[in-house]
Amino acid sequence: MNKLTRVVAIFCIMVVMFPVFAQAEGKKHEKEQKKSNIPSHVLNVSKENTYPNSSKDEAILEPSKLAKELMEASEVKIENPDLIKLLNETTLKPSPLAIGYRGMVYMGHWPLNYKSAETTPNWEYQKINTNQLNNIGGDAQKTMNYSQEEEKHIKGALTAKITNADQVKRMMLYHAKENTELPLSFHTVIGKGTKTSNSYGVASEKIGFLDAYAPAVNEKGQVTFGEVYLELKGSKKRIVVKNVTKQGIGAWIPVQDHVSFSFQMK
């Protein structure tokens, strides 16, 4: 009986733990798929790029103990880094004897959070270069390579006007990076003279055209706005959000140091 009991116990543990292992394996596979979603015709040119784009990641601002306490008590989620910074700089030391003390401090109208609905890559967002090789009259195949002829600045933007646009862009950028794991930036540059070693064969009596594009992602979602008040009541304190509104918004965000290629012969 003891042996049978042990076998049954082991079987029960395996049944309970299998979904956990399966879920963990699924998340790992999903993450690997996300990283490998870049098509083969899109190349990372960070090493070849003659313009040194900043690779600085957006810093995640940690809320102070007070800010965290206030944010957790709020009925509306707060993730705006600028508002968190303001809360970090706030000092409150109400007296425990402040019986009957009440106060309401208006902190302004803020974009409070952004909820991502869709993140879609466009690998040919903006054409940045065309190389051409004329092999008309040639008696053998020739090869051509990508060479950036002019410095190109690729800029992203919001698709609609919105208040506090810079704050909204920071939140959208954070979520888009999280969704794609791509090096995204609202401004990236491909420098003049940037070259890659990938070559393309141009047959005799043909002209080869190699077009280069800067990729970008289209981020869509919803921003929540609200009027933020700091309520003081005796020794208690909390954030109150009034007049909450929501607005749909989209943005084009370029992929930094990546180039998409399209080759054809005519």
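**Exercise 1. A bridge between two strands**

Task: In this predicted model, the side chains of Asp211 and Lys127 meet in a salt bridge, 3.5 Å from N to O. Work out which elements the pair ties together, and how far apart they are in sequence.

Solution:
- Step 1. Place each partner: Asp211 belongs to strand β8, residues 207-233, while Lys127 belongs to strand β2, residues 102-134.
- Step 2. The two parts are 84 residues apart in sequence, so this salt bridge ties together stretches of β8 and β2.
- Step 3. Now look at accessibility. Asp211 is buried, with a relative accessible area of 8%, and Lys127 is partly exposed at 46%.

**Exercise 2. Other salt bridges**

Task: How many salt bridges does a search of the whole structure find? Take the pairs Lys77 with Glu79 and Glu231 with Arg238, and decide whether each partner is buried, partly exposed or exposed.

Solution:
- Step 1. The search of the whole structure gives five salt bridges.
- Step 2. Between Lys77 and Glu79, the closest N and O atoms are 3.8 Å apart. The cut-off for a salt bridge is 4 Å, so a distance within it qualifies.
- Step 3. Lys77 has a relative accessible area of 58% and is exposed. Glu79, at 18%, is buried; the limit for that label is under 20%.
- Step 4. Glu231 and Arg238 bring their side chains together at 2.6 Å, N to O. Here the acid, Glu231, is buried at 14%, and Arg238 is partly exposed at 38%.

**Exercise 3. Finding the nonpolar core**

Task: Which residues of the largest nonpolar core touch the most other members, and which element supplies the largest share of this core?

Solution:
- Step 1. The largest core has 20 residues. Those touching the most other members are Ile162, Met172, Leu184, Val217, Val223, Ile249 and Ile253.
- Step 2. At least two residues of this core come from each of β2, α4 (165-180), β8 and β9 (236-254).
- Step 3. The largest share belongs to α4, with five residues.
- Step 4. Try Ile249 in your viewer. Leaving aside residues up to four places away in sequence, its contacts include Tyr114, Leu158, Ile162, Met172 and Val223. Glu219 and Lys220 are also among the residues that Ile249 touches.
- Step 5. There is also a second, separate core of 17 residues, and Ala67, Leu70, Ile84 and Leu232 are among its members.

**Exercise 4. A threonine and its neighbours**

Task: Is Thr188 buried or exposed, and what joins the side chains of Thr188 and Asn53?

Solution:
- Step 1. Thr188 sits in strand β6, residues 187-190.
- Step 2. Its relative accessible area is 2%, so Thr188 is buried.
- Step 3. The side chains of Thr188 and Asn53 are joined by a polar contact of 3.3 Å.
- Step 4. Beyond four places in sequence, Thr188 touches Asn53 as well as Lys152, His153, Ile154, Pro254, Val255, Gln256 and Asp257.

**Exercise 5. Positive phi without glycine**

Task: Where does Asn164 lie, and what is the place of Glu181?

Solution:
- Step 1. Asn164 lies in the loop between β5 (157-158) and α4. The phi of Asn164 is near 55°, a positive value in a residue other than glycine.
- Step 2. Glu181 is found in the loop between α4 and β6. Although Glu181 is not a glycine, its phi is positive, about 60°.
- Step 3. Finish with accessibility: Asn164 is partly exposed at 32%, and Glu181 is partly exposed at 34%.

Technical notes
Residues numbered from 1 in each chain as written. Predicted model: local features only at pLDDT ≥ 70, side-chain atom pairs only at ≥ 80, totals over all residues. Heavy atoms only, no water. Buried < 20%, exposed > 50% of the residue type's maximum accessible area, 1.4 Å probe, protein only. Helix = DSSP H or I, 4+ residues; strand = E, 2+ residues; numbered from the N terminus. Core = buried A, V, L, I, M, F, W, Y, C linked by side-chain atoms within 4.5 Å. Contact = heavy atoms within 4.5 Å. Polar contact = N/O pair within 3.5 Å; in protein donor to acceptor, adjacent residues only side chain to side chain.
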